[in-house]
Amino acid sequence: EDADLKVDHIVHATRSAGTQAGLVTGLKAAGSDINLLGFGVRVAQEKQEENVYKLAVATTEKIGMTGIVLKQADCNYVGKGYGIPAESTIEAIRMFAEFEGILLDPVYSGKGAAGLIDYCRKGNFRKGDKIVFIHR
């Protein structure tokens, strides 16, 4: 039964491009207009988006789809490097634990959560937007 759940944004951390490429492909296959945003944890934005695009194209070709449109990657939350948590990462880990009872790691999901929190603070999402944060 339709739960009448409308998701406006899916947000996650992205490193090897597999999760984001899979989400890009799945959203395309489903005909979805959900905005997908990956917060990079390792490389510069241009390189991350290139990695995601190449893998998404290869994936869609395997299943006979075409027309992949790259969804955004924001790599401004990498900090000093892969595996090195920024202050914003530590803050995000504490907030998720304290307010939601969700444990995040400082290498991957903590950086994605830091990006999500910063986007919310900056008003990059509209009031009332339904945002799904994927962490693993």
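User: What makes Ile131 the bridge partner of His9 in strand 4?

Analyst: In this predicted model, His9 is bridged to Ile131 of strand 4. Strands here are DSSP runs of E with at least two residues, and helices are runs of H or I with at least four, numbered from the N terminus.

User: How do you know that strand 1 and strand 4 pair?

Analyst: Two strands pair if DSSP finds at least two bridges between them. Strand 1 (residues 9–14) and strand 4 have 4 bridges, in the parallel sense, so the pairing criterion is met.

User: In what order do the strands of the sheet stand, and why is one side of strand 3 and of strand 4 left without a neighbour?

Analyst: The open sheet has 4 strands in the order 3-2-1-4, with parallel pairing. Strand 3 and strand 4 (131–134) are at the edges and have a single partner strand each, so one side of each lacks a neighbour in the sheet. Neighbouring strands are turned by 25 degrees against each other on average, direction ignored.

User: What makes helix 4 a helix that packs on the sheet?

Analyst: Helix 4 (residues 109–122) touches strand 1, strand 2, strand 3 and strand 4, where contact means heavy atoms within 4.5 Å. Its direction makes about 125 degrees with that of strand 2; axes are lines fitted to C-alpha atoms, for helices over the stretch in contact, and angles run from 0 to 180 degrees between N-to-C directions.

User: How do you know that the span of helix 4 agrees with its 14 residues?

Analyst: The expected span is 1.5 Å times one less than the number of residues. For helix 4 this should be 20 Å, and the end C-alpha atoms are 20 Å apart, so the two agree.

User: Why is helix 4 called mostly covered?

Analyst: Of its 14 residues, 10 are buried, among them Leu116, Ile117 and Tyr119. The buried residues pack against strand 1, strand 2, strand 3, helix 3 and strand 4.

User: Why is Cys75 called buried?

Analyst: Buried means under 20% relative accessible area, exposed over 50%, and partly exposed in between (1.4 Å probe, protein chains only). Cys75 has 12%, so Cys75 is buried. Cys75 lies in the loop between strand 3 (72–74) and helix 3 (87–100). Beyond neighbours within four places in sequence, the contacts of Cys75 are Gly40, Val43, Ala44, Gln45 and Gln48.

User: What limits apply to these values?

Analyst: Local features need pLDDT of at least 70 and side-chain atom pairs count only at pLDDT 80 or more, while totals for chains, interfaces and linings use all residues. Residues are numbered from 1 along each chain as its sequence is written, and side-chain values use heavy atoms, with hydrogens and water left out.
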